Amino acid sequence: FRRDGYSLGGWMSHRPWTTKKQERTTRILKRLIERDGSESSEHLLPLRLGEEISVAFELDVRVVRGHVEVCGAILGPSLSYSRIVAPDWAALPRLRAVQWRKEHDTAEKEEEDVTALLQGFGWPVVLCLRNPRAAAQVPTRRPAHLTASLLADESWPRLCKPLAWGSIEEHVQRLWRERSVPSSPFAMLVMGPKGVGKSTCCRHFVNSLLRFTGEVFFFETDLGQPELGVPGTVAVHLIRKPLLQPPHAEHEHECVARYYVGCTTPAEHPSLYVNALRSAFDACVESLRHRKGPSPPLVVNSHGWVTGLGLELVRLIAGLVGAELVLRINPLRSEALLDGSVDAPTEASGEARTRIAAPTHLVRNAVVRCGPLSMELGAEAGTWASELPSCVLVDLQSAVGQRLELATRLTRKKPLHHLAAKMRWMRVAHYFRPDLPPCAHPVGMPAGRFFSSVPRRRLPLGLHFGLTQGVLREEDIEIVFTGCVVGLCCLRDRHLSETETVSTGQVEQARVKPRALPEAVSSLRCIAMAFVHSFDTVQGEVVVYTPASVEALSPVDCVLRGEHVWQPQSIDGQFLSVEGQDTTSMSSPLHPYCSAWTLDGLGTGSRLPSTRPFLKRKRGT
């Protein structure tokens, strides 16, 4: 039978990719038809209902007839392409031909050759495939890129959808439709330890909710490995297009609010982290004030710290957003879960069997150790973190497999713990340079070369400068900030949009001497991230590299530096190739931070006696 017009046979398969599926893909690719006269080497691929193909690397996909499902999203007939990106260190997404309830089944105004193919054959689904980088490739009857992308090695892991996800989708849709409080969004939270697939789960449910709601709020609370945004920030995005690319390549979504924390773990500054969470969620609720109709649902991605204070912070996030559904993903185990507190929603009803609180053994062993700290954080967030809100808690087993193989692909036979550092480096690098190939391994380059294509902006020197922890002396500002990634923030209490401007009189009144913040910051709205080039005391300006426009930077009146250190030439000088050469045994090359007057690598972003209690020592430089 069908569910909301979507046949059950259309779900992405929960079974692993086998030799039989690989052979079936080989037969499917024999149907590829090259379009004559196409400028970008386009190919048409007919599919039968239920047939699956996997996608590796980069591929532009457009549906000509029928519908396909990929990562929870439904792609229908359209004249525009959707780019699917799957690097060789990630599991491959599957495209499955499905039957959807939409009335129109064919894109309008197709060209003559495509129309002739559709009239001559009765294939239910027809795709148009294109290589995003076809200009650098010699066209052939079957380009090597298409073969490598659609016929990846059988040992390469493919994404699998757990059977319980379908029932949870029904439950979420019903809860969203029945919600009676339009002023606040329906919220679901995904939690679990590191490496269990929280981001994959969030991505899938965001894409599946887009099929019915059209818009979804995505609340990113993971400072170290965010699905959207830059490490060291807490952000809320409004999603209108499916998430079909890796985290470092997603740049087209509207940022509702972003707050700077400056570290990769909330353990560094839990109070600032909580304030940023509260401010970001308040900005999300504020954006709904003038919206008509039902509020878009809110999907919350949590960090992977689920013991002690980390678990307390997750519970605090659930209370802050009023989560009605919490998905707790557990790592794969040979035995069953010890608590057995709740079952996944059943296929027939889509509901969980019981409405419960948090497992008692987790509360006893971890949460109560926080004591007064948890009460203080709960007071700052405006909620009591020790009380989990009334919600449906669903325990799921991790759908992630072969983690060692995936890590080996990225680290090139290096230890697993370097995977997170490389992914974090790529997120920052692609923020400044979205033009970098999303499937390429991290390759360091000199700072001057890296920032050669990044816009250079000039800000008034009279801005406030500060650290996320501690107080900075004014005479130390230049040496502490030069050559560092910082957050360009707004000190004003009111929420400013990224396009709001300030009067020119305020800029003219700025002093030619930088000012240090008189005290530690609470939560400041982050307008953009930037790399400090130099301080021009003659012109009274601070030169920075940032992809943000001049209009977007007009509200900036504060520059913050945190604990997170990023360098374009390496990841702390370890396990990153430079200019195509393996440099695992050498430290980061000493290179000037794009500053003409400073010494090579010396005296830039340094720890001074006044900042030693607040800034960590750089490693590898």
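Visitor: Which side chain has a polar atom 3.4 Å from the backbone nitrogen of Gly72?
Guide: In this predicted model, local features need pLDDT of at least 70, side-chain atom pairs count only at pLDDT 80 or more, and totals for chains, interfaces and linings use all residues. Residues are numbered from 1 along each chain as its sequence is written, and side-chain values use heavy atoms, with hydrogens and water left out. The partner of the Gly72 nitrogen sits in strand β7, residues 67-70; that side chain belongs to Glu69.

Visitor: Happy to stay with Glu69: which side chain of opposite charge is nearest?
Guide: Glu69 is buried (under 20% relative accessible area, 1.4 Å probe, protein chains only). Glu69 has no salt bridge (a side-chain nitrogen of Lys or Arg within 4 Å of a carboxyl oxygen of Asp or Glu). The nearest opposite charge is 4.6 Å away, on Lys161.

Visitor: What end-to-end C-alpha distance does helix α6 have?
Guide: Helix α6 covers residues 270-286, 17 residues in all. The expected span is 1.5 Å times one less than the number of residues, so α6 should span 24 Å. The model agrees, with its end C-alpha atoms apart by 24 Å.

Visitor: How many residues of α6 are buried?
Guide: The helix is mostly covered. Among its buried residues are Leu272, Tyr273, Asn275 and Phe281. Of its 17 residues, the buried ones number 12.

Visitor: Between which domains does the largest nonpolar core lie?
Guide: A nonpolar core is a set of buried Ala, Val, Leu, Ile, Met, Phe, Trp, Tyr and Cys residues joined through side-chain atoms within 4.5 Å. Of the 54 residues here, Phe432, Phe451, Phe481 and Trp566 touch the most other members. Both domains give residues to this core, so it lies between domain 2 (163-332 + 375-442) and domain 3 (443-494 + 512-574 + 594-604).

Conventions. Helices (H or I, at least four residues) and strands (E, at least two) are DSSP runs, numbered from the N terminus. Buried means under 20% relative accessible area, exposed over 50%, partly exposed in between (1.4 Å probe, protein chains only). Lys and Arg count as positive and Asp and Glu as negative; His and the chain ends are not counted. A polar contact is a pair of N or O atoms within 3.5 Å; within protein, one must be able to donate a hydrogen and the other to accept it, and residues adjacent in sequence count only if both atoms are side-chain atoms. Domain bounds come from an automatic or database domain assignment.
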